[in-house]
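User: I would like a close look at one part of this model, with its contacts and burial spelled out. Please take the part I name below and then set it beside a few other sites.

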Amino acid sequence: MTVNLLDYDLDGLTVFCEGLGEKAFRAKQLYRWIHQKGASDFAQMSDLAKSLREKLTGIAHVSPLKVLTEQKSSDGTIKWLFDVGNGDAVEAVFIPEDDRNTLCISSQAGCAVGCRFCSTGHQGFSRNLTTGEIIAQLWFAEHTIRKVKGTEDRVISNVVMMGMGEPLQNYAALVPALRTMLSDHGYGLSRRRVTVSTSGVVPMIDKLAQDCPVALAVSLHAPTDVLRDDLVPLNRKYPLKELLEACERYLQAAPRDFITMEYCMLQGVNDSPEQAKQLAQLVKNVKLPVKFNLIPFNPFPQSGLLCSAPKVVAEFAKILQDAGIVTTVRKTRGDDIDAACGQLAGDVQDRTAASERMAKRRVVMMQKQSA
Ligand code: SAH
Ligand code: SF4
């Protein structure tokens, strides 16, 4: 069993190299080859000593994910479905925009939170991705697109953890992956350009503030505990008051930031003018700098839910805006390829069914998540 070097952040790789009797700067060189140049073959790494390359060949590898499908939209959105073994598949979506290129990636195969409006939640939890499997989505997308464009310049400017899974329930694997995204020797992304989206795992929000305070998006979806208990079952463990207090504490670690509140618009469930007012009051009470991102719901049959009409979404947004809260409506991307970040469908036990069902989804993509 050899070691997958994608599992390491720079500190981890340094310890690994030191274990081989190599100096720390060798780890830096190796890390750059892997993440900045997209190399997976040690023979390519021309400035590493031949003896080290030979040593690595026997004990380590850089393991990409197997691509099951790749779909390209006429608007430039690209969606990949990756095989992570045992019938599990996860997705990543590349979304080019005028001022940024965002990659949406997954943190788990399935999800244990079980939100009512989420197809990943409906399929249940299969397993946590490893650090290597999380970062491999970025590694693959970045270097594949560079090759296609014939450029050595960085392509992906923003990463959002909004694919399958609850990133803060896979904390140990998540943090080294985030560090590689931020590292100057890795992907060199600023911490405001990396967003962790969470359904509200309060203790881990606090931990992330200490370990790696990247941009935070919170999936709020309801103005009251009664409704949120029903839509996002994790609310029963960490109710709104505790969640908002954790958000306040998070911003103490990143004082000039704001928190993005995601709100999936569900017809007749959470979209009334009264609920918009309650929501405005809720965030005003805690004086939290937030931006709301209203997400038109992507329906799927088992949910029994419908998306709010565009007029209702616009009215809801206006009430929040009139209350002085910056509010955007997430725009739809990749319509023609039915890409769907944040709602990967599919039976994780059945890869074919997963990819087919996913292909039937529409994607609502995040917009203006992070500066
Ligand atoms: N588990 C994390 C991140 C993945 S979900 C979280 O819940 O935040 C990413 C986003 O997609 C979340 O805001 C989630 O609420 C949203 N989402 C899930 N299912 C959706 C659907 N069917 N339609 C629209 N957005 C959905
Ligand atoms: Fe999990 Fe997020 Fe889906 Fe809820 S919305 S089930 S937390 S992936």
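User: Start with the side chain of E133: which side chain does it make a polar contact with? Then go through the helix that holds E133, and a few other sites after that.

Analyst: This is a predicted model. The side chain of E133 makes a polar contact with the side chain of R127, at 2.8 Å. E133 sits in helix 5. Its relative accessible area is 13%, so E133 counts as buried, the cut-off being under 20%. Beyond residues up to four places away in sequence, E133 touches L65, V84, R127 and N128. R127 thus appears both as the polar partner and among the touching residues.

Now the helix itself. Helix 5 spans residues 131-149, and helix 6 spans residues 171-182. Their axes come within 8 Å and cross at roughly 35 degrees. The crossing is right-handed. Helix 5 brings T131, I134, I135 and L138 to the contact. Helix 6 brings A172, A173, L174, P176, A177, T180 and M181. By class, these residues of the contact divide into 9 nonpolar, 2 polar and no charged.

Next, the ligand site. Ligand 2 is surrounded by C111, V113, G114, C115, C118, G121, G165, E166 and S199. This shell divides into 4 nonpolar, 4 polar and 1 charged.

Two loop residues deserve a look at the backbone. Most residues other than glycine have a negative phi. N86 has a positive phi, near 50 degrees. H221 also has a positive value, near 70 degrees. N86 lies in the loop between strand 4 (78-83) and strand 5 (89-96). H221 lies in the loop between strand 11 (215-219) and helix 8 (225-231). Their surroundings contrast. N86 has a relative accessible area of 75%, so it is exposed. H221 has a relative accessible area of 3%, so it is buried.

One more loop residue is buried. L288 belongs to the loop between helix 10 (273-285) and strand 13 (290-296). L288 counts as buried because its relative accessibility is 8%. Setting aside neighbours within four places in sequence, L288 contacts L244, C247, E248, L251, M261 and V283. E245 is 43 residues from L288 in sequence, yet the two are 9.1 Å apart in space, C-alpha to C-alpha.

Back to the starting point. E133 is buried, and its side chain has a polar contact with the side chain of R127.

Methods. Residues are numbered from 1 along each chain as its sequence is written. Chains are lettered from A and ligands numbered from 1 in the order in which they are written. This is a predicted model: local features need pLDDT of at least 70, side-chain atom pairs count only at pLDDT 80 or more; totals for chains, interfaces and linings use all residues. Side-chain values use heavy atoms; hydrogens and water are left out. A residue is near a molecule or strand if one of its heavy atoms lies within 4 Å of it. Ala, Val, Leu, Ile, Met, Phe, Trp, Tyr, Cys and Pro count as nonpolar, Asp, Glu, Lys and Arg as charged, and the others, Gly among them, as polar. Axes are lines fitted to C-alpha atoms, for helices over the stretch in contact, and angles run from 0 to 180 degrees between N-to-C directions. Helices (H or I, at least four residues) and strands (E, at least two) are DSSP runs, numbered from the N terminus. A crossing is left-handed if the near helix is turned anticlockwise from the far one by less than a right angle, and right-handed if clockwise. Contact means heavy atoms within 4.5 Å. Buried means under 20% relative accessible area, exposed over 50%, partly exposed in between (1.4 Å probe, protein chains only). A polar contact is a pair of N or O atoms within 3.5 Å; within protein, one must be able to donate a hydrogen and the other to accept it, and residues adjacent in sequence count only if both atoms are side-chain atoms.
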